[in-house]
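Let's take a walk through this structure together, one piece at a time. Keep the viewer open and rotate along as you read.

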Amino acid sequence: MIRSLSLATNNRVSFLLSTLFLISALSFSANATDTELNKKNNKIPVHEYDLENGLKVLVKQDKRAPIAVIQVWYKVGTSYEHEGITGLSHALEHMMFKGTKTRKSGEFERLVSAIGARNNAFTSQDYTAYYEVLASDKLEEAMEIEADRMRNVIFDPKEFEKEIEVVKEERRWRTDDKPASLTREQFNAVAFLNSPYRAPVIGWMVDLEEMTVDDAKIWYKKWYTPNNATLVVVGDVEPDAVHEMAKKYFGAYKSNPLPVVKTRTEVEQKGIRNITLKLPAKLPSLRMGYKTPAMISAKKGKVPEWEPYALEVLANILDGGDSARFAKNLIRGKEVAAGANSGYYGYGRLDNLLIISGTPAKGVSTQKLKESILEEIETLKSELVSEAELKRVKAQVIAGEVFERDSIQHMATLLGSLETVGLGHKYIDQYVPGVLAVTAQQIQDVAKKYLIENHLTVAELIPLPLGEKQEKK
Amino acid sequence: MIKLNQQQSNSLLKRPFAFSIAILFLLFSQISQAGPKIENWITSSGLRVYFVNVPELPMLDLRLSFAAGSAYDGDKLGISGMTTSMLNKGAAGLNADQIAENFESVGANFSANSGRDAISISLRTLTLDEQIQKGMENWLKVIEKPEFPEADFKRLKKQALIGLQAEKQNPGSIASKVFYKNLYPNHPYGEPQNGTEESINAMTTDDLKAFFKRYFVNKNGQIALVGSIDRKQAEAIAEKVSKALTSNDRGEGEKAAPIPEVKPLTEAKTIRVPFPSSQAHIFIGQPGNKRGDKDYYSLYLGNHELGGSGFTSRLMKEIRVKRGLSYSVYSYFIPMKEFGPFMLGLQTKLSQTDEAIKVAREVLETFQKEGPSEDNLKASKLNITGGFPLRTASNDDIVGYIDVIGMYDLPLDYLDTFTNIINDTSREQVIDAFKRRVDLDKLLTVIVGGEADVAKSDSANGEKKESTN
């Protein structure tokens with residue numbers, strides 16, 4: 001199902017619980033639950049193999065059903081692009097479904113279909129990934145196909161000509177005709193001055209219009225190489241057999257030198273940034289983002305290790321369910337919001353934002369909603385969160401970890417993304433203990449340190465009547 | 001809870017809109033081979049139970065469903081959704097805050113959904129003693145004694161009105177609404193699922209209470225239980241649920257009256273709705289098939305090649321791959337209690353609207369005339385049967401399937417026989433079914449997008465403005 005595979009904004013993925021990292025200092029019942037759960041869950045390890053050509057192979061066994069998911073992750077996405085070629089990684093992803101040196105265009109899809117696989121690919125700021133979900137006895141066929149397109153894709157100008165039109169249609173569908181998406185796109189471009197996170201994954205339309213087949217070909221040659229990729233397999237498989245299979249199909253490729261990636265660390269923000277968008281729409285909306293350090297910055301020692309976990313819990317105190325503060329105080333309570341969300345985006349390659357978005361309730365101004373949200377932020381700084389709230393978030397994290405294991409696709413996606421952004425797949429064992437260790441004081445500390453005006457960008461959407469023609473070329 | 005990246009693009013999107021339960025049922029319908037072992041019984045108060053033991057993960061999925069979707073709204077449009085949404089806003093002396101806290105303090109997820117045929121109330125919880133006890137206790141209160149508090153209802157109405165506004169700024173939502181309205185004139189399937197401004201404003205908590213009492217009853221419902229509990233525990237839970245449903249003098253209740261029959265369209269119709277978008281959103285279709293339909297398998301198998309299989313489908317090849325006209329293009333049957341839609345959908349920039357419609361129609365006409373080739377039919381069968389194990393790989397998948405089996409009175413071996421029936425379906429049967437069931441002279445076409453001066457309707461019943469509903 002496409003729905004369950006998309007990692008859109010609202011998708012929350014949580015982590016595997018580990019028996020190895022229990023934190024004895026905790027007195028919450030969350031801790032007891034954690035221990036009890038571990039008795040019932042034998043931890044299944046992730047097997048890691050490194051091929052000589054630099055390809056990383058991660059395998060996790062899950063024998064609940066006779067199926068498997070195979071994913072190939074490349075360390076390339078929008079954040080590797082520069083101005084003028086935005087959207088190139090994604091356009092290349094589209095071209096990866098065309099022909100190879102030994103396969104005509106369309107043959108790839110016929111093969112995948114014949115083995116009963118579901119397949120697709122996705123591009124984000126930090127990665128491009130391809131996958132098949134299939135009966136586990138068909139794994140080898142899928143692996144052969146993925147190996148083939150790692151190095152052998154053919155770039156036919158005629159195919160590109162059609163496919164770039166498809167990408168433009170995707171952009172119209174995904175962004176241009178959706179007020180919320182347009183707002184988000186412009187918001188990001190204002191929140192970040194020089195970080196590559198300012199650009200949309202789909203690319204600016206003007207860049208798509210000028211993109212050529214050679215751009216895609218060069219990009220492919222540059223980044224699609226075994227030493228820039230991770231192969232992830234989760235399901236009813238034998239890890240060592242998967243390793244052998246990977247050697248058989250990917251082993252012949254040589255390692256290739258990779259371009260140096262400039263860090264492009266976002267320059268320090270010197271004051272609040274406000275933008276107003278006027279778009280044909282029916283509903284006003286608000287989007288706010290505070291610059292926050294990502295988990296990777298803690299790993300690199302730039303910020304204390306606990307800070308990203310505290311930010312994660314903080315976001316869940318505001319919006320981690322129907323009993324969280326936004327639902328309780330803004331949607332119910334004051335009734336100023338028809339909807340309000342918050343999320344900490346700290347699991348990428350670069351520092352990102354803690355995002356708050358909302359739609360004012362009927363008859364309430366966007367200004368009033370903004371003030372109410374800012375009051376909630378102030379409360380986080382002036383008062384410690386309650387034991388009950390903290391306990392609730394921790395209980396959800398523990399349960400969520402079990403629930404998410406119901407899907408092998410989610411598990412594979414977690415492993416692949418963590419490895420690809422540089423956190424390493426082993427981070428999966430650190431997440432739950434990291435969250436369980438967060439204290440009320442730490443939440444207050446990160447609120448005071450990061451949720452400040454100088455880190456803030458605010459976008460407000462003011463609806464124009466839908467009868468007015470949108471500006472188009 | 002980890003939020004990965006904020007934005008993502010896919011190379012393929014088969015189905016761009018969430019049609020809530022109706023569409024989920026469609027996905028669940030794509031099945032075959034030996035399925036999970038389903039146990040089935042009826043509680044002492046008349047509630048049908050479907051249970052699958054899945055021991056590996058310490059969790060339980062529970063879904064209580066009633067034949068109480070928007071098709072049962074009557075003249076109070078939107079009441080099914082509003083009733084379902086109000087359940088957790090106050091029950092057995094607890095307010096909305098307390099109900100939410102009780103679930104979330106043990107990490108349980110509560111959800112309630114409504115579709116055209118059915119509504120469902122779900123719980124996902126860990127099966128550790130403390131979690132399952134507290135989660136179940138709270139959940140039982142919600143289905144036993146919902147209070148429909150006035151203040152919460154007032155707020156929910158405002159939110160519903162905002163929801164209606166949101167539909168009006170989304171060309172896809174508008175197209176879907178206009179499509180259903182014209183596909184099902186004078187039939188409950190054609191009414192807006194979320195109601196209208198007038199119907200929402202006029203609704204009272206007494207209306208909700210009456211709807212609840214009539215439809216949320218043992219004999220009109222079923223419960224699906226999937227997870228690491230044994231038969232004995234499942235029986236105990238089902239009895240408790242069933243007993244809770246007898247409160248408020250509901251007793252065992254009665255089955256809902258049948259949904260009226262759907263009549264076929266009498267003429268071809270094209271409706272254009274102006275909208276300031278860069279793309280036109282296009283739906284083409286007519287009433288399709290229903291659950292338990294004798295042509296179900298032939299139509300499903302045929303549609304796989306027509307527009308149900310993504311890249312290998314004819315529509316995708318002709319519209320997207322060869323011509324670059326649309327990012328997403330598909331066709332499907334949504335089998336429902338009565339004839340659900342057969343629909344073909346795509347989006348394209350305004351200047352390509354006519355071309356895209358022309359190609360899509362040609363693909364449909366050719367397919368109906370020629371049917372699938374033997375080779376393609378074989379390929380479709382391989383894909384459907386080869387992918388069978390994927391369909392019931394997670395607890396979440398299984399609960400969805402058995403919910404459908406119960407709601408539509410499908411045989412318990414529905415999953416087990418699917419593959420064989422698909423394999424036994426011939427090319428002739430597919431061609432015959434498409435000839436009988438798809439009438440090319442009576443297709444409904446809805447186009448949303450473009451300016452008012454060029455957007456003419458060829459039907460007197462056409463929508464004049466985007467804001468009709």
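What follows moves from chain A to chain B and ends where the two chains meet.

Please keep in mind that this is a predicted model.

Let's begin with how chain A is divided. Its domain assignment gives domain 1, residues 45-250, and domain 2, residues 273-464. If you place a marker at the C-alpha centre of each domain of chain A, the two markers lie 28 Å apart. Across this boundary, 30 residues of domain 1 of chain A are in contact with 27 residues of domain 2 of chain A. On the domain 1 side, the elements that give two or more residues are E2, strand E3 (67-74), strand E5 (128-135), helix H7 (179-191) and strand E6 (229-235) of chain A. H7(A) gives the most, with nine residues. Sorted by class, that side of domain 1 of chain A has 16 nonpolar, eight polar and six charged residues.

One of those elements, E2(A), is worth a closer look. Strand E1 (residues 46-50) and strand E2 (residues 56-61) of chain A run antiparallel and are joined by five bridges. To find the register, start at His47(A), whose bridge partner in E2(A) is Val59(A). The hairpin made by E1(A) and E2(A) has five residues between the strands, and Gly54(A) takes a positive phi near 100° there.

Now move along to the open sheet of chain A, where five strands follow the order E7-E11-E8-E10-E9 with mixed pairing. Which strands are at the edges? They are strand E7 (273-280) and strand E9 (337-344) of chain A, each of which pairs on one side only. On average, and with direction ignored, neighbouring strands of this sheet are turned by 15° against each other. Within the sheet, strand E8 (residues 285-292) and strand E11 (residues 456-464) of chain A run antiparallel, with six bridges between them. Here Gly289(A) stands opposite Thr457(A) in E11(A). Helix H12 (residues 307-319) of chain A packs on the sheet, touching E8, E9 and strand E10 (352-360) of chain A, and its direction makes about 170° with that of E9(A).

Turning to chain B, we find domain 1 at residues 20-244 and domain 2 at residues 269-448. The C-alpha centres of these two domains of chain B lie 28 Å apart. Their contact takes 40 residues from domain 1 of chain B and 43 residues from domain 2 of chain B. The largest share of the domain 1 side, eight residues, comes from H6(B). That side of domain 1 of chain B has 23 nonpolar, 12 polar and five charged residues.

Chain B also has a helix pair to look at. Helix H10 (residues 296-308) and helix H17 (residues 427-437) of chain B pack with their axes 8 Å apart, at an angle of about 100°. Angles of 65 to 115 degrees count as roughly perpendicular, so H10(B) is roughly perpendicular to H17(B). Ser298(B), Leu299(B), Leu301(B) and Gly302(B) in H10(B) meet a group in H17(B) that includes Val430(B), Ala433(B) and Phe434(B). The residues of this helix contact are five nonpolar, three polar and one charged.

Finally, how many residues does each chain bring to the contact between them? Chain B brings 72 residues and chain A brings 98 residues. Helix H5 (residues 150-168) of chain B gives the most to the chain B side, with eight residues. By class, this side of chain B has 29 nonpolar, 27 polar and 16 charged residues.

How values were computed: Residues numbered from 1 in each chain as written. Chains lettered and ligands numbered in written order. Predicted model: local features only at pLDDT ≥ 70, side-chain atom pairs only at ≥ 80, totals over all residues. Contact = placed C-beta atoms within 7 Å. Helix = DSSP H or I, 4+ residues; strand = E, 2+ residues; numbered from the N terminus. Nonpolar A, V, L, I, M, F, W, Y, C, P; charged D, E, K, R; others polar. Axes fitted to C-alpha atoms, helices over the stretch in contact; angles between N-to-C directions. Parallel < 35°, antiparallel > 145°, perpendicular 65-115°, else oblique. Pairing = 2+ DSSP bridges. Domains from an automatic or database assignment.
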